[in-house]
Amino acid sequence: MTKFRVLITRQLPEVAMHAIREFAECDVWSEDRPMPSSVLSEKIAEAEGLLCLLTDRVDAALLSRAPRLRVVSTMAVGFDHVDLAACSELGIPVGNTPGVLTETSADLAFALLMTAARRVVEGAEYVKNGLWQTWSPTLLLGQDIFGATLGIVGFGRIGQAMARRAQGFGMRVLVCHSRSLPDDVLQTHQVERVSLETVVGESDFLSLHVPLTPATHHLINRDALSKMKRTAVLINTARGPVVDTEALCQALLEGKIAGAALDVTDPEPLPATHPLLSLRNCVIVPHVASASIATRHRMALMAVENLHAGLRRRCLPHCVNPDVYQ
Ligand code: GLV
């Protein structure tokens, strides 16, 4: 039986590669950097399936070069890199990997909160640089997490997982969410639902968990940052452009907020000379919220399941443009 032809834009965990080879001939980009868009648009011409990452832009121009494409499967929960309307228009279902990375991503968001609150990176550098001479009553004083107010913007799966962690630390949790929520969700998580303005103004730690859409682009802008407490810390594990980077840089430099801890940036990655990288009160990690071994394996396998279903013209187990089936 002839196998399907699929384009895979980066080497995946072997367990996933093995599963794909069972039903497809794979063209895999083997370098550990995104496939240049010129190469992607050339290779897509033959592909019946595309397994891509959040670093690949799948837009109408690319799709116009993909006459045989049956499915786009991204190994990510966020799908802002894919033009869903263009895919639906062409009858191409798009799959993502929700659920499996929820707890792992919330772990990193909470780790960033704690790192910023207790100045862990500064402390580690202090020791590595040979500066540790004695115990000091005033060395590297940070902020208490216990009893502080955590603001969660976007109360979906990962936002809720963040709230569960905060309960264990005795935090007060405020949430804001743009859509309706099931009645019991606020009660179960012991959180108060408030407006964006209130969550921004009252939080000691403000953690972002919204998808990137036109409505959330620069949601945290100069105005929002100016309404935060001077002692507050911003945590972004959502998408870089949810925060206005220039405004954040200025707020940190001018002491308008106390700190930031970022897993995502805009641009991403930041150039080595970017001013954010020189700030003592800004901790940045390289978009690794879902990066545990087990979770990345689960994500890769889920992406394979979506790919396989799409190639066989079956409904994807996790489809983000279900209108394609109408
Ligand atoms: C990570 O950012 C993802 O969307 O999976």
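This passage describes strand 9 with its neighbours, and then the ligand site. The model is predicted; local features need pLDDT of at least 70, side-chain atom pairs count only at pLDDT 80 or more, and totals for chains, interfaces and linings use all residues. Residues are numbered from 1 along each chain as its sequence is written, and side-chain values use heavy atoms, without hydrogens and water.

Strand 9 spans residues 205-208. Strands (E, at least two residues) and helices (H or I, at least four) are DSSP runs, numbered from the N terminus. Both faces of strand 9 are covered. Phe 205 and Ser 207 are buried on one side, Leu 206 and Leu 208 on the other (buried: under 20% relative accessible area, 1.4 Å probe, protein chains only).

Strand 9 runs parallel to strand 6 (residues 149-153), with 4 bridges between them. Pairing requires at least two DSSP bridges. Phe 205 is the bridge partner of Leu 150. Strand 10 (residues 233-236) is also parallel to strand 9 and joined to it by 4 bridges. There, Leu 208 partners Asn 236. Helix 10 (residues 222-227) completes a right-handed β-α-β unit with strands 9 and 10. Right-handed means that, with the strands pointing away from the viewer, the path from the first strand over the helix to the second runs clockwise.

The ligand is surrounded by Leu 54, Ala 76, Val 77, Gly 78, Leu 101, Arg 239, His 287 and Met 299 (a heavy atom within 4 Å). A ligand oxygen lies 2.7 Å from a side-chain N or O atom of His 287. Polar backbone atoms of Val 77 and Gly 78 are each 2.8 Å from a ligand oxygen. Taken alone, the ligand exposes 190 Å², and the protein buries 88% of that (Shrake-Rupley method, 1.4 Å probe).

Technical notes:
Buried < 20%, exposed > 50% of the residue type's maximum accessible area, 1.4 Å probe, protein only. Polar contact = N/O pair within 3.5 Å; in protein donor to acceptor, adjacent residues only side chain to side chain.
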